[in-house]
Amino acid sequence: MASDSTRLLLGHKEKHFTAGDVVRDVIMGVSDGLTVPFALAAGLSGAKAPSSLILVAGLAEVAAGSISMGLGGYLAAKSEAEHYQRELKREQDEIINVPDTEAAEIGEILSKYGLEPHEYSPVVSALRKNPQAWLDFMMRFELGLEKPEPRRAIESALTIAIAYVVGGLVPLLPYVFIPRAQNAMFTSIGVTLAALLFFGYIKGQFTGHRPLLSAVQTAFIGALASAAAFAMAKAVQAI
């Protein structure tokens, strides 16, 4: 019969968050989507533009911004994949051409974890017999690189672009229903700040930071951006 500790061990299931890249893309897209169109709408409201013009300009910015942000995410992911392939090729060549040097590096890496030479020597020997495992070990523990997903670039671009559109529509919605720009602006401020607080709180939950602090920081950045745009529009109008 299995002991209690054995049953606990067998029944234990670790829960790790593994969607970090997706969450990062969503955070990037929604944060900019909420902030940039919000600042643009506030700035145009400060210039006393009509709601219809603000809405058209805002939608144009959301379209352009989502494409720009998505393309940026795609290029960043592609660059990451290309960097991984370059380092992979370099490590392969080093394992073939200078195996003793690379084997010594395994020992150096393991020694940082407190292992003595007599403890890590069998590991070094085992890895030298398995070139693929050796290569994977060096990529992960020497260079700190994880193999990127094949579809990462496309997924990143789509995630960021969609998140930007979702975030960007929030501050523009009041201008759809409220003809007077000043009234729409105040409604937009309230709706957007509420969205920023909510999003900042959720972001804090996912990233491991204090959710309330994350909510306040996110809302503060958005409010600062819109206030700067509004003040600039007023200053230009006064010239």
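1. Burial and overall make-up. Buried residues account for 36% of the 239 residues in the protein chain. Please keep in mind as you read that this is a predicted model. The chain has nine helices and zero strands, so the order of elements from the N terminus is simply α-α-α-α-α-α-α-α-α. As for how the chain folds back on itself, among contacts with a separation of 6 or more, 74% are between residues 24 or more positions apart.

2. The nonpolar core. A good place to start looking is the largest nonpolar core, which has 16 residues. Ile106, Trp134, Phe137 and Met139 have the most contacts inside this core. At least two residues each are supplied by α3 (51-97), α4 (99-111), α5 (117-128) and α6 (131-142). The largest share, five residues, comes from α6.

3. Met139 and its surroundings. This residue deserves a separate look, being one of those with the most contacts inside the core. Once its neighbours within four places in sequence are set aside, Met139 is in contact with Tyr84, Glu87, Leu88, Glu91, Gly144 and Leu145. Two of the acidic residues in that list, Glu87 and Glu91, come back in the points below.

4. How α3 meets α6. The axes of these two helices are 10 Å apart, and the helices pack at an angle of about 125 degrees. Angles between 115 and 145 degrees fall outside the parallel, antiparallel and perpendicular ranges, and α3 and α6 are therefore oblique to each other. The crossing of α3 past α6 is right-handed. On the α3 side the residues involved are Tyr84, Glu87, Leu88, Glu91, Gln92 and Ile95. Facing them in α6 are Trp134, Leu135, Met138, Met139 and Glu142.

5. Glu87 in both roles. Which residues does Glu87 touch, not counting those up to four places away in sequence? They are Met139, Leu143 and Leu145. Glu87 lies in helix α3 and counts as buried because its relative accessibility is 16%, below the 20% cut-off. Glu87 also takes part in a salt bridge with Arg90, where the closest N and O atoms are 2.9 Å apart.

6. The charged cluster on α3. Salt bridges link Glu87, Arg90, Glu91 and Glu94 in a network. Arg90 and Glu87 are both in helix α3, three residues apart, about one turn of the helix. Arg90 has a second salt bridge, to Glu91, with the closest N and O atoms 3.5 Å apart. Burial varies across these residues: Arg90 counts as partly exposed at 33% relative accessibility, while Glu91 is buried with a relative accessible area of 0%. If you are checking side chains by eye, this is a nice cluster to display together with Met139, which is in contact with both Glu87 and Glu91.

7. A salt bridge across the chain. The structure holds eight salt bridges. One of them joins the side chains of Asp25 and Arg152, at 2.9 Å from N to O. This pair links distant parts of the chain, with Asp25 in helix α2 (residues 20-46) and Arg152 in helix α7 (residues 152-177), 127 residues apart. Are the two partners buried or exposed? Asp25 is buried, with a relative accessible area of 1%. Arg152 counts as buried too, at 9% relative accessibility. Both values are below 20%, which means that each partner meets the cut-off for burial.

8. Ala161 in α7. Helix α7 also holds Ala161. How far apart are the C-alpha atoms of Ala161 and Gly33? They are separated by 9.1 Å, although the residues are 128 apart along the chain. Leaving aside neighbours within four places in sequence, Ala161 is in contact with Ser66 and Gly70.

9. An exposed residue in α4. To finish, Asp100 lies in helix α4. Asp100 counts as exposed because its relative accessible area is 55%, over the 50% cut-off. From Asp100 to Arg128 the C-alpha to C-alpha distance is 9.5 Å, and the two residues are 28 apart in sequence.

Note on methods:
Residues are numbered from 1 along each chain as its sequence is written. This is a predicted model: local features need pLDDT of at least 70, side-chain atom pairs count only at pLDDT 80 or more; totals for chains, interfaces and linings use all residues. Side-chain values use heavy atoms; hydrogens and water are left out. A nonpolar core is a set of buried Ala, Val, Leu, Ile, Met, Phe, Trp, Tyr and Cys residues joined through side-chain atoms within 4.5 Å. Buried means under 20% relative accessible area, exposed over 50%, partly exposed in between (1.4 Å probe, protein chains only). Helices (H or I, at least four residues) and strands (E, at least two) are DSSP runs, numbered from the N terminus. Contact means heavy atoms within 4.5 Å. A salt bridge is a side-chain nitrogen of Lys or Arg within 4 Å of a carboxyl oxygen of Asp or Glu. Axes are lines fitted to C-alpha atoms, for helices over the stretch in contact, and angles run from 0 to 180 degrees between N-to-C directions. Angles under 35 degrees count as roughly parallel, over 145 as roughly antiparallel, 65 to 115 as roughly perpendicular and the rest as oblique. A crossing is left-handed if the near helix is turned anticlockwise from the far one by less than a right angle, and right-handed if clockwise.
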